[in-house]
Amino acid sequence: MAIFGIGAIYEEDVSDDFLNENIACIGWEENDAPPAHSILRHLRPGDIIFIKSFAPHVGLTIKAVGIVMEGKVQKHNDLGTCVPVRWVWKGEERIGKIDDKWPVRSVTIYEEHHPKVQRKVLELLLSKVYK
């Protein structure tokens with residue numbers, strides 16, 4: 001199991017589309033973002049994914065947390081290349097600035113390794129699973 005952050009800003013915020021369709025997607029064409037598509041293809045059932053926003057002056061904000069249900073990518077006409085996700089938590093949890101040398105939080109998709117962020121994602125996920 002791994003934890004991944006994914007952005008949902010295309011020309012506008014498509015977070016609600018991800019939530020309503022039970023998917024997480026890369027909106028870029030594969031030719032334009034091969035590393036992002038490679039990461040998406042490596043997601044497996046049971047991996048945890050969170051919708052994030054990141055602005056350097058504000059830091060990291062978690063907008064939703066879910067579990068990847070299948071490791072098979074699928075095309076979605078409006079949203080791009082996607083994986084099925086069961087979204088468990090939705091809200092806005094501001095983590096803020098993180099003092100580390102992991103400069104990937106502004107990219108489309110990445111694996112999260114910071115213990116503070118991992119812990120918060122798990123807390124949000126489990127807050128809905130074990131009420």
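Analyst: Buried here means a relative accessible area under 20%, exposed means over 50%, and partly exposed lies in between (1.4 Å probe, protein chains only). The model is predicted, so local features need pLDDT of at least 70 and side-chain atom pairs count only at pLDDT 80 or more, while totals for chains, interfaces and linings use all residues. Residues are numbered from 1 along each chain as its sequence is written, and side-chain values use heavy atoms, leaving out hydrogens and water.

User: Is Arg 105 buried or exposed?
Analyst: Arg 105 is found in the loop between strands E6 and E7 (109–111); helices (H or I, at least four residues) and strands (E, at least two) are DSSP runs, numbered from the N terminus. Its relative accessibility is 4%. Because that is under 20%, Arg 105 counts as buried.

User: With which residues does Arg 105 form salt bridges?
Analyst: A salt bridge is a side-chain nitrogen of Lys or Arg within 4 Å of a carboxyl oxygen of Asp or Glu. For one pair with Arg 105, the closest N and O atoms are 3.0 Å apart, and the partner is Asp 100. For another pair, the N to O distance is 2.9 Å, and the partner is Glu 112. The residues asked for are Asp 100 and Glu 112.

User: Which of these two partners, Asp 100 or Glu 112, is buried?
Analyst: Asp 100 has a relative accessible area of 25%, so Asp 100 is partly exposed. At 0% relative accessibility, the buried partner is Glu 112.

User: Which residues is Arg 105 in contact with, leaving aside its neighbours within four places in sequence?
Analyst: Contact means heavy atoms within 4.5 Å. Asp 100 and Glu 112, the salt-bridge partners of Arg 105, are in the list. In full, the residues are Lys 52, Phe 54, Leu 60, Ile 98, Asp 100, Tyr 110, Glu 112 and His 114.

User: How many residues apart along the chain are Asp 16 and Lys 90?
Analyst: Asp 16 forms a salt bridge with Lys 90, with the closest N and O atoms 3.3 Å apart. The pair links distant parts of the chain, since Asp 16 is in helix H1 (residues 15–21) and Lys 90 is in strand E6. Asp 16 is partly exposed at 43% relative accessibility, and Lys 90 is exposed at 55%. Along the chain, the two are 74 residues apart.

User: In E6, what is the bridge partner of Cys 25?
Analyst: Strand E2 (residues 23–26) points Ile 23 and Cys 25 one way and Ala 24 and Ile 26 the other way, and all are buried. In a regular strand the side chains alternate between the two faces of the sheet. E2 is joined by 4 bridges to strand E6 (residues 80–96), and the strands run antiparallel; two strands pair if DSSP finds at least two bridges between them. In E6, the bridge partner of Cys 25 is Cys 82.

User: How far apart are the C-alpha atoms of Arg 105 and Ile 23?
Analyst: Ile 23 is in strand E2, whereas Arg 105 is in the loop between E6 and E7. They are 82 residues apart along the chain, and their C-alpha atoms are separated by 20 Å.
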